[in-house]
Number of protein chains: 2
Amino acid sequence: MGIDDLDGRLIVLLAREPRIGVLEASRRLGVARGTVQARLDRLQSSGVIRGFGPQVDPTALGYPVTAFATLEIKQGQGADVRAHLDGVPEVLELHTTTGHGDMLCRLVARSNADLQRVIDRVVGFDGIVRASTAIVMENPVPFRIIPLVEQAAEDDTRA
Amino acid sequence: MGIDDLDGRLIVLLAREPRIGVLEASRRLGVARGTVQARLDRLQSSGVIRGFGPQVDPTALGYPVTAFATLEIKQGQGADVRAHLDGVPEVLELHTTTGHGDMLCRLVARSNADLQRVIDRVVGFDGIVRASTAIVMENPVPFRIIPLVEQAAEDDTRA
DNA sequence: TGAATGACTGTACAAACTGCCCAGCATCGC
DNA sequence: GCGATGCTGGGCAGTTTGTACAGTCATTCA
């Protein structure tokens with residue numbers, strides 16, 4: 001169920017140069033086009049590759065401020081809180097975590113001032129007891145998956 | 001510098017059905033192909049769309065456990081800590097946040113037991129004073145950008 | 001050992017798409 | 001009014017895709 005070396009190289013190649021097609025990828029990897037197609041199909045149907053959607057930069061959209069908010073939820077209000085947060089566009093993702101019935105969400109805002117508006121909207125809901133926010137200053141390691149893919153491919157090869 | 005309604009619809013369309021080409025997109029949006037091409041070029045060169053890399057699911061790669069770790073850093077050790085974390089494949093992203101010289105990072109692991117190994121590796125570095133980890137149980141709102149895009153497009157239209 | 005299975009290669013063909021070009025037209029700001 | 005900008009609609013050559021098929025090779029299994 002893991003990925004082998006060829007899968008790994010294919011994913012890394014696509015991550016680095018998404019514009020190339022199946023044919024070009026097969027040339028780069030030194031395998032037949034059909035092989036790349038079959039691998040891609042398998043990676044997608046097995047869920048390893050979810051899709052190739054556009055990676056949108058919130059900053060360029062006009063939302064340069066990112067923050068993480070930890071929310072403390074009133075017992076039994078989980079579903080309501082989720083629905084509420086789901087309706088806030090500035091909430092980019094939401095996780096429930098171990099601990100005191102807590103949630104962690106990623107927020108963006110147009111400015112530090114605007115962040116206050118977003119937080120007010122997020123927190124202004126009955127099921128939320130308390131919120132603590134950490135504003136992101138720098139992003140030394142932007143979201144990446146390549147090292148993990150290489151690790152997974154290596155583990156497979158070794159196995 | 002924002003995006004207009006057509007940009008918004010284009011991004012949403014591509015997010016929903018990434019496989020379609022420029023021609024098909026132009027048909028769906030009811031505009032000329034050249035228009036879609038020009039919009040796409042502009043969105044990419046302006047940085048709104050960073051790329052179309054494969055979206056890899058760590059779970060399907062064999063890393064079903066996600067956690068967020070808050071790290072307290074010793075003064076002046078920031079750069080070293082970043083370099084250290086950059087070298088750990090299981091660290092998917094790293095942010096520096098407001099507060100006590102803190103950092104927040106997203107981790108994945110092969111299991112809860114494996115998470116201990118990852119945390120040990122992350123924390124086993126001199127510049128890190130203390131770490132607090134929250135394991136993700138559920139992900140009610142997976143990372144999404146569409147609502148924000150629609151919001152941004154709407155704001156632009158209104159403006 | 002021999003047969004079966006699965007994966008990869010190399011090739012082929014029609015259909016579709018891309019990249020690029022251009023002329024015409026409407027809108028917007030100066 | 002004039003230029004700049006953006007959209008339309010069309011065309012063309014080159015490339016890629018989707019799909020198929022036969023041959024090869026390594027591994028699995030009886």
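The following exercises, each with a worked solution, concern helix packing, buried residues and the chain contact in a predicted model.

Residues are numbered from 1 along each chain as its sequence is written, and chains are lettered from A, with ligands numbered from 1, in the order in which they are written. Local features need pLDDT of at least 70 and side-chain atom pairs count only at pLDDT 80 or more, whereas totals for chains, interfaces and linings use all residues.

**Exercise 1. Determine how H2(B) and H3(B) are oriented to each other, and list the residues that form their contact.**

Step 1. Helices (H or I, at least four residues) and strands (E, at least two) are DSSP runs, numbered from the N terminus. In chain B, helix H2 covers residues 22–29 and helix H3 covers residues 33–45.

Step 2. Axes are lines fitted to C-alpha atoms, for helices over the stretch in contact, and angles run from 0 to 180 degrees between N-to-C directions. The axes of H2 and H3 of chain B come within 8 Å and cross at roughly 110 degrees.

Step 3. Angles under 35 degrees count as roughly parallel, over 145 as roughly antiparallel, 65 to 115 as roughly perpendicular and the rest as oblique. H2(B) and H3(B) are therefore roughly perpendicular to each other.

Step 4. Two residues are in contact if their C-beta atoms, placed from the backbone, lie within 7 Å. H2(B) contributes B:Val22, B:Leu23, B:Ala25, B:Ser26 and B:Leu29, and H3(B) contributes B:Arg33, B:Thr35, B:Val36, B:Gln37 and B:Leu40.

Step 5. For the classes, Ala, Val, Leu, Ile, Met, Phe, Trp, Tyr, Cys and Pro count as nonpolar, Asp, Glu, Lys and Arg as charged, and the others, Gly among them, as polar. The contact of H2(B) with H3(B) has six nonpolar, three polar and one charged residues.

**Exercise 2. Determine the orientation of H1(B) and H3(B), and identify the residues that meet.**

Step 1. The axes of H1(B) and H3(B) come within 11 Å, with a crossing angle of roughly 85 degrees. This pair, H1(B) and H3(B), is therefore roughly perpendicular.

Step 2. From H1(B), B:Leu6, B:Asp7 and B:Leu10 meet B:Val36, B:Arg39 and B:Leu43 of H3(B). By class, the contact of H1(B) with H3(B) has four nonpolar, no polar and two charged residues.

**Exercise 3. Compare the span of H3(B) with its expected value, then locate its buried and exposed residues.**

Step 1. The expected span of a helix is 1.5 Å times one less than its number of residues. The 13 residues of H3(B) should span 18 Å, which agrees with the 18 Å between its end C-alpha atoms.

Step 2. A residue is buried if 20 or more other C-beta atoms lie within 10 Å of its own, exposed if 12 or fewer, and partly exposed in between. In H3(B), the buried residues are B:Val36, B:Arg39 and B:Leu43. They cover an arc of only 65 degrees around the axis, which puts them on the same side of H3(B); the arc is that of the directions from the helix axis to the C-beta atoms.

Step 3. B:Gly34, B:Ala38, B:Asp41 and B:Ser45 are exposed on the other side of H3(B).

Step 4. The cover over the buried residues of H3(B) includes helix H1 (5–16), H2 and strand S1 (49–51) of chain B. Just after H3(B), B:Gly47 has a positive phi of about 90 degrees.

**Exercise 4. Describe the contact between chain A and chain B.**

Step 1. In total, 57 residues of chain A are in contact with 57 residues of chain B.

Step 2. Strand S6 (residues 128–141) of chain A supplies eight residues, the largest share of the side of chain A that touches chain B. That side of chain A divides into 35 nonpolar, 14 polar and eight charged residues.

**Exercise 5. State whether A:Leu61 and B:Tyr63 are buried or exposed, and name what they touch.**

Step 1. A:Leu61 lies in helix H4 (residues 58–61) of chain A. With 26 C-beta neighbours inside 10 Å, A:Leu61 counts as buried.

Step 2. Not counting residues up to four places away in sequence, A:Leu61 touches A:Val56, B:Ile3, B:Val48, B:Leu148, B:Val149 and B:Ala152.

Step 3. B:Tyr63 lies in the loop between helix H4 (58–61) and S3 of chain B. B:Tyr63 counts as buried, with 24 C-beta neighbours inside 10 Å.

Step 4. Beyond residues up to four places away in sequence, B:Tyr63 touches A:Leu148, B:Pro58, B:Val108, B:Ala109 and B:Arg110.
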